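Trainee: I'm new to this one and could use a guide. Could you take one part and go through it closely, telling me what the words mean as you go?

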Amino acid sequence: MNKRFFTYMPDPTLMILLLLLISYGLVVLYSAGGIVLVERQAVRLGLGLLALYLITQIRPERFEQFSPLIYVGSVMLLIAVFFFGISVKGAQRWLDLGISIQPSELCKISLPMMVAWIFRHTALPPNWKYLTIAAVVIGICAGLIYKQPDLGTAILVAASGLFVVFLAGISWRLIIGLLVFAAASIPVMWQFLHEYQKQRVLMFLNPESDPLNYGWNIIQSKIAIGSGGFWGKGWTEGSQTQLDFLPEHSTDFILSVLSEEFGFFGVLLLFLLYALIILRCFFIAQQAKNTYNRLLCGALTLIFFVYITINAGMISGVLPVVGVPLPLVSYGGTSMLTLLASFGIITAVHSHKKLIQQ
Amino acid sequence: MGRQLKQPSHEKRIFTERIVFSIVVVLLVFALLLSRYFYLQVIKHESYKIQAEQNKIKITRIAPTRGLIYDRNGTLLAENVTTYRLEVTAEKTTNLEQELLAITQLVSIEDELMAELKEQLKFNPVFKPLVIKPKLTEQEVARFAVNQHRFPGFAIQPYLNRRYLFPVEFSHLIGYVGKINQAEYAAQDPSIYAKDEYFGKTGLEKYYEQQLHGEPGQLVTEINAQGKQLTQRIQQPPNNGTHLYLTIDVALQKAAYQAFGDETGAAIAVNPQNGEILAMVSKPGYDTNQFISGISQKNYDELANSPDKPLFDRSIKGGYEPGSTIKPYMALAGLYHQLITPEYTMYSNGYYQLPKQKRRYHDWKQGGHGQVNLVNSLAESVNVFFYDLAYKLGIDRIHDFLAPFQFGQLTGIDVAGEKKGILPSRQWKQANRNMIWFPGETVITGIGQGYFVITPIQMAQALSVLASQGKFNPLHTVKQDLSPKELPFKIADQDWATVHDGMTAVINAPNGTARSIKSKAYLIAGKSGTSQVYGKREEDIYKKNEELPKHLRNHALFIAFAPAEQPEIAVVVVAEHGVSGTRAAAPIAKSIIQSYMQANHSLLAEDNE
């Protein structure tokens, strides 16, 4: 049993890249939040890496087999949050349990799994029947999260499912049609936004209009980034960070800290690591032995890329503010765990394929 | 389209093509992002460098003060008192565990709470202060102040704590505030709410949350290059929450609550001339003050599991059969549809039968009431008269007549949590029971039994319209100008008057069922009712109410208004398990009316009994 369970090593190339990125993140985190944060984050990272290693031991056929179950389970958790989340006595209760975050976080993995499962045996590109099923599956997940209400996460989760559809090879004409439709429905969507969400978007278009809240945050973030220059002000030397001008500097705005202290050079290094990780994952996806594995790995990689883009765009003022952490660098347990788990799936696909070839 | 065959090599080619496309997109987007950073960090570096050096102004939030709540005469009902709480910022402590242990010697913290705190500290961002203990006593504040130097990460913060002056009498109406929870916070504008603020959880506090809360201001702090604070000024003062001025009279509210004695139930008193609610209680109440800084699980469980259900707001959520209190409205419907006249009489021999059916529908009086007209039938609550009237009206006309009075509809009362209830109809039964409507069900609808689920606030809204002879003033608890509504049909003045006569006879005629609450000083008009309690076992059905355990006894209802000629106050009382309306509910209604009349008219107290 031991032999069976511990014989699969995660892909060394990917692991080295991930460990480099994580270490880089801890160094920045030390400057942003001190040793206490680093210690805590290290514990979570340890757990996350352990999860990654354990997931690597699972045969990808198992993911495939259990995809519907995992999907139904996460949808039920979403519904449970909907019903029990508020009726519990006070606020603290359901935050303590951590349930409020988990189900929507889980969907970022379970939804692409489910969509890939739908397409696993059908001829690709999928026909209308399968596309409709996929749309329903995506709609349920995203709709429930939107109702929580959490528009940002709902869009991201929907994207994770749509990436599978994209990778399944639907025609370019359809993709362009969908994009045009999405663009055209923006004015309609606008009506459904909360007042504060509208304000965030308006603020993004004109940050000086909201000097206290998010506008202020973005102005301060831009000052931090810009004042960093090419080489940066040096580790723990960033005035924006150390004098508390930067908001939430250990979580959503950690890239501003990195930019201030390590400069454009530091940013370049970070993006190099990210790009290499993404390329490696795409390579694994391309080499995978069946449709399900290919689609799942590809979609998980794309969603990782989207997170990076949103966070980096948000803090530098080119995208509106949505609370998305910088993957594997921001302080925080939940997103870290989900990300390392999805890398676990990717390494599992890779490791098991190799042994079979031998 | 038939099932297509998979073509692995073709599919792999498509996938590879998509991956290559994705890589191009990734690299392109990264290049764009990097060019943005290059622009900020290299091209615009000088300008941002200067901005960073000149950056010495921090803007922080000034919380708005929550609006106060007053009664109609300006008596304070809910206020904010300055209180102190102990907070810890994990980042600034040297040894958190040890200091937490040491702090318990200065400030009492239960072991159970301490365990919970440690759990919370794990989730709390280290740079954010976490409240260790709210509501410190003066001694605790003093003890901590002396020892402050030993606890670098700990600090005492003043804050405004909500306090209710009549927590029990107003527990459901005003409700309470508590710490905003994640779901509530997510639905609010984050530029207005902070994550640790109070938020209305029930009652008026919830309904008027936005107005009571207000909008925060901005505090500007100037610091020097080392981060030392130089000056502080208020850039924009907070827009404090607006005060609420209720239509409630605190004296009448207290009187209504006390009138219940040991009974449970609900009472609502309104001014039918303008829709103002003068008193609105649900009994038993509970101490809302204990909810503000977090109620202990033990106390909460005690309230939640109490058989008297103190947390349940009976006045807007309690569903009851209206029983005989529906009869005045049935009488109006009969007059409006010209099925009866004030002169019309019928003979009550004690039971009623539908044509060609065996089942007997009984009068409450054995042997019947003899020859009765409408006024007698209201005074004596003659079931047979209303069985027959209901049958002649038919369920559709009954439903269409009662719905505009707000029976089984949301009244739109400005208190959070109102329930809709049920006004029986053919459509309702088809949709909910998937069955057709039976004529026998129309018969019992005539005496307010059957599928009815009506809330006290609905009864109060209907009674307000009835008492004012058709003036439809929407009920409200906060002073405001509401435009009156109108019934969709016009009821003749003499029809209103006939029903008022009947209701006046209930209390003032020698054969009235509620003679016991007659007043010498003024005329009261009213009607009693009994609301059946279901869930009795077979063998209990034939027992007298007194022989049953209290929770299976019927609910007692009473509706009344006074003075009958020119109503100033209309009262609805539900006394749960009070058995009969005249015995349990009528005295409560009388007591509320009496308190009002004594306060508003120079009456002698002797009339009381």
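Mentor: Let's begin with chain B, which has 20 helices and 21 strands; both are DSSP runs numbered from the N terminus, helices being H or I over at least four residues and strands E over at least two. This is a predicted model, where local features need pLDDT of at least 70 and side-chain atom pairs count only at pLDDT 80 or more, while totals for chains, interfaces and linings use all residues. Residues are numbered from 1 along each chain as its sequence is written, and chains are lettered from A and ligands numbered from 1 in the order in which they are written.

Chain B has 609 residues, and 42% of them count as buried (20 or more other C-beta atoms within 10 Å of a residue's own, with 12 or fewer for exposed and partly exposed in between; C-beta atoms are placed from the backbone). Take its contacts between residues at least 6 apart in sequence: 73% of these join residues at least 24 apart. A contact here needs two C-beta atoms, placed from the backbone, within 7 Å. Helix 16 of chain B, residues 426–433, is hardly covered, with 0 buried residues among its 8. After helix 16 of chain B comes B:Asn434, which has a positive phi near 55 degrees.

Now for where the chains meet. On the chain A side 66 residues are in contact with 57 residues of chain B. Helix 14 of chain A (residues 254–287) supplies the largest share of the chain A side, 12 residues. Sorted by class, that side holds 34 nonpolar, 26 polar and 6 charged residues; nonpolar covers Ala, Val, Leu, Ile, Met, Phe, Trp, Tyr, Cys and Pro, charged covers Asp, Glu, Lys and Arg, and the others, Gly among them, are polar.

Helix 14 also stands out for pLDDT, the predictor's confidence in each residue from 0 to 100. Among the elements of chain A, helix 14 of chain A has the highest mean, 96, and helix 5 of chain A (residues 91–97) the lowest, 35. Over residues 86–101 of chain A the pLDDT is below 50, and this stretch has 27 contacts in the model beyond near neighbours in sequence. Chain A as a whole averages 84, with 86% of its residues scoring at least 70.

And now the close look, at helix packing in chain A. Helix 2 (residues 12–33) and helix 3 (residues 35–56) of chain A have axes that come within 7 Å and cross at roughly 150 degrees, the axes being lines fitted to C-alpha atoms over the stretch in contact and angles running from 0 to 180 degrees between N-to-C directions. Helix 2 and helix 3 of chain A are therefore roughly antiparallel (over 145 degrees; under 35 is roughly parallel, 65 to 115 roughly perpendicular, the rest oblique). Among the residues making this contact are A:Leu26 and A:Tyr30 of helix 2 of chain A and A:Val38 and A:Gln41 of helix 3 of chain A. The classes here are 9 nonpolar, 2 polar and no charged.

Next, helix 8 (residues 151–167) and helix 15 (residues 291–315) of chain A pack at about 135 degrees, their axes 9 Å apart, so helix 8 and helix 15 of chain A are oblique to each other. Residues including A:Phe163 and A:Leu167 of helix 8 of chain A meet others including A:Leu302 and A:Val306 of helix 15 of chain A. That contact has 10 nonpolar, 2 polar and no charged residues.
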